[in-house]
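Reader: I am new to this structure and would like a close look at a single part of it. Could you take one helix and follow it outward into its surroundings, step by step?

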Amino acid sequence: MTNSIRDITEESNCIFIIGSNTTEQHPVIGIRVRAAKRQRGAKLIVADPRRIDIADYADLYLQQEPGTDIALLNGLMHVIIREGWHDEDFIAERTEGFEAIKETVEAYPPEVTSEITGIPAEDIEKAARMMAENRPGALLYAMGITQHTVGVGNVMSCANLQMVLGNMGVPGGGVNPLRGQNNVQGACDLGSLPNVYPGYQSVTDPAVQDKFEQAWGVSLSNEVGLTVTEMLDAADEGQVRCLYVIGENPMTSDPDLNHVRHALERTEFLVVQDLFLTETGQLADVIFPACSFAEKNGTFTNSERRVQRVQQAIEPIGESKDDIWIVSQLAARLIDRGAIDPLDGASHGSWNYGSAAEVMAEINALTPIYGGITYERLNDGEQLQWPAPTEEHPGTPILHVGTFSRGVGHFEPVEHTPPDELPDEEYPLMLTNGRVLYHWHGGEMTRRARGLTAMYPEAEIQISPIDAEEHGIDDGEMMKVASRRGEIVAKAQITDRVPAGLIFATFHYPDSAVNFLTNPALDPVAKIPEYKVCAVKVEPVNGHGKG
């Protein structure tokens, strides 16, 4: 996030939430947003195809068609620029490319935007005015924006809107992604992406490559690697023969699960490292039992870029080990067997990290944005937001103050592009998906919690009263949903939270996981699958089955 949550909820005069089911998936943040509206009178605008709970608190709710976020954002900018509400000083002093964005959004007047998005033109006008009259304003988004074939374009459009309004680098502003899982920010920060080393240092940069080669004593590739979805495609084609899966369950969380199962079964050697025997683990050749957060030391980095110490509370249960120990032991055996070749005259080290603190010391040495975030400071109770390049640096609550990391902010014009798959005669409905308050992601932990399972014991699919009547489905009845990739059976929940033509499902329950249905089509830049939109058909059914 460019701004901290406290800054947003205490300083923002307008909070715009798009593609985020905030109160269910980020409930603490949701509480702060509601408090900002109730206690300070901050305006709240919510845009989502489904009437999520936070929409009930909004000053204005915009119900766009799935996959039309770019058109909506362009339409808002059209009105802001047309009315002269854009921040001319900010644009002139701190950005480039404004004329190009101005030309692009000219094609999105409210009437045209309404035709694309389904939002009344007067509501588009009202939202633009509310944003312009209540600055500074913060924009919050989550995977409802990113999980599309135009996910990168969606994020670019969010940044365009905030720069047009001058809402960058100021208290209460920013483009603020709400991360999808605990410590996913930290994992990305420290190199769990195929194109960067820790600290977002590019693998294609020769100077960066040389730095890490000298530090680690091994030759490193300068080629961008594969994303998870690409790995599974490569495994299906026989190009990836071994997969090592740590803390992830692609057999519930990846798109087109029938394809995922086939790819994993084709993999010659599958290793899974996790807390529980997951659906992916059931296909594994080797399983490494890993500790939970409560059984080890380390750090988590949250959505605000805030690095926090994790203190071990209990000894590891059973045969489980912490991840550092498992990975280090595996690396030591690879070194012993000559599988890792050192550079000429270099030592590749022992990999015998004595503690998480030793790993953090290496991070401090090699990762500039974490350079000053030492264990000593964290142990003293500091919760530092990167970048904090030196031990004297106080951390950075707000990014882009005075200047952007690239110098000036760049407007990137983006045109509306329809989703990869839209409803037709054979598959007349559109499917979107997400989570519910009581379960998390694939449910490996929450489905084992009796209290949470009692509150939400089985998968349900939300369908509108109009579509339920048309297809002969009763509330609470088992219904079948099918796409071009698979089918699931789950209980029908008839509700006006979804409009006619749209249904909503979750992926918490393996036998009824929505990812048997979802489309693996990728964003061409970030290679993120289009989880949020696909075409389906429905019918009532007796009994229960799986994809």
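Author: What follows is a walk along helix α16 and then outward to the loop and strands beside it, in a model that is predicted.

Helix α16 runs over residues 323-336. A simple check of its geometry comes first: at 1.5 Å a residue, its 14 residues should span 20 Å, and because the C-alpha atoms at its two ends are in fact 20 Å apart, the expectation and the model agree.

At the N-terminal end, α16 is capped by Asp-322, which places a side-chain oxygen 3.0 Å from the backbone nitrogen of Ile-324. After the other end comes Gly-338, a residue whose phi is positive, near 75 degrees.

Which residues of α16 are buried? They are Ile-326, Ser-328, Ala-331, Ala-332 and Ile-335. An α-helix has 3.6 residues a turn, so residues three or four places apart point the same way. As for what these side chains meet, the buried residues of α16 pack against three strands, namely β9 (242-246), β10 (269-274) and β11 (286-289).

From the start of the helix, the path leads to Lys-296, which sits in the loop between β11 and β12. The side chain of Lys-296 makes a polar contact with the side chain of Asp-323, at 2.4 Å. Is Lys-296 buried or exposed? Lys-296 counts as buried, because its relative accessible area is 19% and the limit for that word is under 20%. Once the neighbours within four places in sequence are set aside, the residues in contact with Lys-296 are Cys-291, Val-310, Gln-311, Gln-312, Asp-322 and Asp-323. Asp-322, the residue that caps α16, is thus one of the contacts of this lysine.

Two further contacts of Lys-296 deserve a word of their own. Cys-291, one of them, is buried, with a relative accessible area of 2%. Even so, the count of disulfides in the model comes to 0. A cysteine elsewhere in the chain, Cys-158, illustrates this: its sulfur is 14 Å from the closest cysteine sulfur, that of Cys-14, and is therefore too far away for a bond. Cys-158 is buried as well, with a relative accessible area of 0%.

Val-310, another contact of Lys-296, leads on to a sheet, since strand β13 covers residues 306-310. How are the strands of this sheet ordered? There are 3 of them, forming an open sheet in the order β12-β13-β14, with antiparallel pairing. The edges of the sheet are β12 and β14, each of which pairs on one side only. Between β12 and β13 the antiparallel pairing extends over 4 bridges, and among them is the one in which Thr-299 has Arg-309 of β13 as its partner.

Beyond strand β14 (384-385), in the loop that leads to β15 (409-410), lies Pro-387. A cis peptide bond joins Trp-386 to this proline, with omega at about 0 degrees. Most residues other than glycine have a negative phi, and most peptide bonds are trans. A cis bond is also found between Arg-135 and Pro-136, where omega is again about 0 degrees, and Pro-136 belongs to the loop between α8 (121-133) and β5 (137-141).

Key: Residues are numbered from 1 along each chain as its sequence is written. This is a predicted model: local features need pLDDT of at least 70, side-chain atom pairs count only at pLDDT 80 or more; totals for chains, interfaces and linings use all residues. Side-chain values use heavy atoms; hydrogens and water are left out. The expected span of a helix is 1.5 Å times one less than its number of residues. Buried means under 20% relative accessible area, exposed over 50%, partly exposed in between (1.4 Å probe, protein chains only). Contact means heavy atoms within 4.5 Å. A polar contact is a pair of N or O atoms within 3.5 Å; within protein, one must be able to donate a hydrogen and the other to accept it, and residues adjacent in sequence count only if both atoms are side-chain atoms. A disulfide is a pair of cysteine sulfur atoms within 2.5 Å. Two strands pair if DSSP finds at least two bridges between them.
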